[in-house]
Each structure stands twice: as C-alpha cells, then as structure tokens.
Amino acid sequence: FPLEVVLFPGSLLPLHIFEDRYKILINECIQQKKEFGINYVNAARMSPVGCSAILKKVVKEHNDGRKEIIVEGRSRYTVKHLVESTAPYFVAKVSLLNDSGETVDDILRRHTIELYNRFVEAAFKGTVATVPEDSPDTVISFVLVQKAGLELKERQELLTLKSENNRLALLSHHFETILPLVASQEEHKRIVLNDGYLSPT
C-alpha cells in the first residue's frame, strides 16, 4: 500500500480507504485476518523499507465501500522485488528488517526520553502523555518518533535505521534543535498538525 505516510511498529494510524483496489485489499485482510504493507511514497518513488500493518478497527463503512479504519504497525521489512499477481494491488517479495542486536545505551535512552517529555509538554500542552524514563518498551524510539514533529523524509530515515542507538541519537539531536523553536507560534502549529498518528497509549 504505497502512501505518503510512514508507519512505525506499534503506531496507530487512521486511514481513509477509497480506491477500489485498496477496498479489495482491506476486505481480504479483514476476511483472512492478514497483514498488509505500507511503504512511504515521495515524488512517485516508493521507498523499499516499509512496515506491515494489521487492521485494528473499522471506524466507519460507507455505502459505496469506502472505509475509515485504524491500523497498527507491526514489523519492518524491505521490498526485494514486485511479483506478478492477478490482484489489483501491488504484491511483493519482502525480507524482514531487524535491528543489529546491539546493547542500547541507557544514558542516551533516558536523555532522549527526557528531551521528548520536555518537547511534548511545550508543544502539545498536556494533550500528549509523557513517557516514563524507565519505560519497559525495548524499542522506545518508535514510540517517541510519533509525536516528534519530524518531516516525512526524516521519519522514513529513522524507520530504515537498524540501530536503536542511532535512532535515539537522531531523535535526541532533533529535540535539542527544535526545543528552542517551540515557543514560535508558527512552528508550534506545524508540529501539532503534521504527525497524523493517534496518541500512543
């Protein structure tokens, strides 16, 4: 499912399904309880690294078959190649994209969470929950990125990284850069309006 969005493992994303081929895809996923893939598209180019999605909820179904749905990100993958299929949507051979297995730098992890908490308190004024520094999430970067105010290309870059430490370093640098700007009304408005994800629970 090529879209101008970046889905992360664990993130919740609302989608409006209106094209016939994707109505078919979603109906098949509902009937067969299957996952489907979402890949970021920019300037008609599809990024090879995407994230599988599972349907969490059908919010509204219209008479013409359009659907308002919520999906949850599951696993990252890399598209190896498209395959021939009778399906009206894209079908591809993929391989899972796993982290390198390094030890996460706890100091960096806690520092990034602390910066994130300062950021969401300033930018969202209490409407987005802070994250405990001792959060049990083993891949906390995929939680923090959802309300970080990153541009789409930066989100895609983070999705492709195979190191939690590298993802945390990217986020830490971003928060350190953007925190002084949050007081700007225009920057605050851009941050709040650009993410699209539902708040992590």
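What covers the buried residues of α4? Keep that in mind as you click through this predicted model.

**Stop 1: helix α4**

Select residues 152–160, which make up α4. Now pick out Arg 155, Gln 156, Leu 158 and Leu 159: these are the buried residues of the helix. Look down the axis and you'll see that they cover an arc of only 160°, which puts them on the same side of α4. Here's a handy bit of background: an α-helix has 3.6 residues a turn, so residues three or four places apart point the same way.

Back to the opening question. The cover over these buried residues includes the strands β3 (36–42), β4 (45–61) and β5 (67–82). It also includes the helices α3 (141–144) and α5 (164–178), so color those five elements if you like.

**Stop 2: the largest nonpolar core**

Next, select Phe 119, Leu 144 and Leu 171. They have the most contacts inside the largest nonpolar core, a set of 31 residues. Which helices supply at least two residues each? They are α2 (106–124), α3, α4 and α5. The biggest giver is α2, with eight residues.

Zoom in on Leu 171 and show what surrounds it. Leaving out residues up to four places away in sequence, Leu 171 touches Thr 112, Ser 141, Leu 144, Val 145, Ala 148, Leu 150 and Leu 158. You've already met Leu 158, one of the buried residues of α4.

Apart from this core lies another one, of 17 residues. To find it, select Phe 1, Leu 13, Tyr 22 and Phe 36, which are among its members. In soluble globular proteins, nonpolar side chains tend to be buried together.

**Stop 3: a nonpolar patch outside**

Turn on the surface and select Met 46, Leu 82 and Phe 90. Together they form a nonpolar patch there, with about 280 Å² of accessible area. Is Phe 90 buried or exposed? Phe 90 is partly exposed, because its relative accessible area is 47% and exposed means over 50%. You'll find Phe 90 in the loop between β5 and β6 (92–96).

**Stop 4: two residues with positive phi**

Most residues other than glycine have a negative phi. Go to Ala 44, in the loop between β3 and β4, and check its phi: near 70°, a positive value. Ala 44 counts as exposed, at 81% relative accessibility.

Finish at Lys 125, in the loop between α2 and α3. Its phi is positive too, near 50°. At 61% relative accessibility, Lys 125 also counts as exposed.

How values were computed: Residues numbered from 1 in each chain as written. Predicted model: local features only at pLDDT ≥ 70, side-chain atom pairs only at ≥ 80, totals over all residues. Heavy atoms only, no water. Buried < 20%, exposed > 50% of the residue type's maximum accessible area, 1.4 Å probe, protein only. Helix = DSSP H or I, 4+ residues; strand = E, 2+ residues; numbered from the N terminus. Arc of directions from axis to C-beta. Contact = heavy atoms within 4.5 Å. Core = buried A, V, L, I, M, F, W, Y, C linked by side-chain atoms within 4.5 Å. Patch = residues over 30% accessible without salt bridge, like charges linked within 9 Å, V, L, I, M, F, W, Y side chains within 5 Å. Areas by Shrake-Rupley, 256 points an atom, 1.4 Å probe, with all protein chains shown as cover. Salt bridge = Lys/Arg side-chain N within 4 Å of Asp/Glu carboxyl O.
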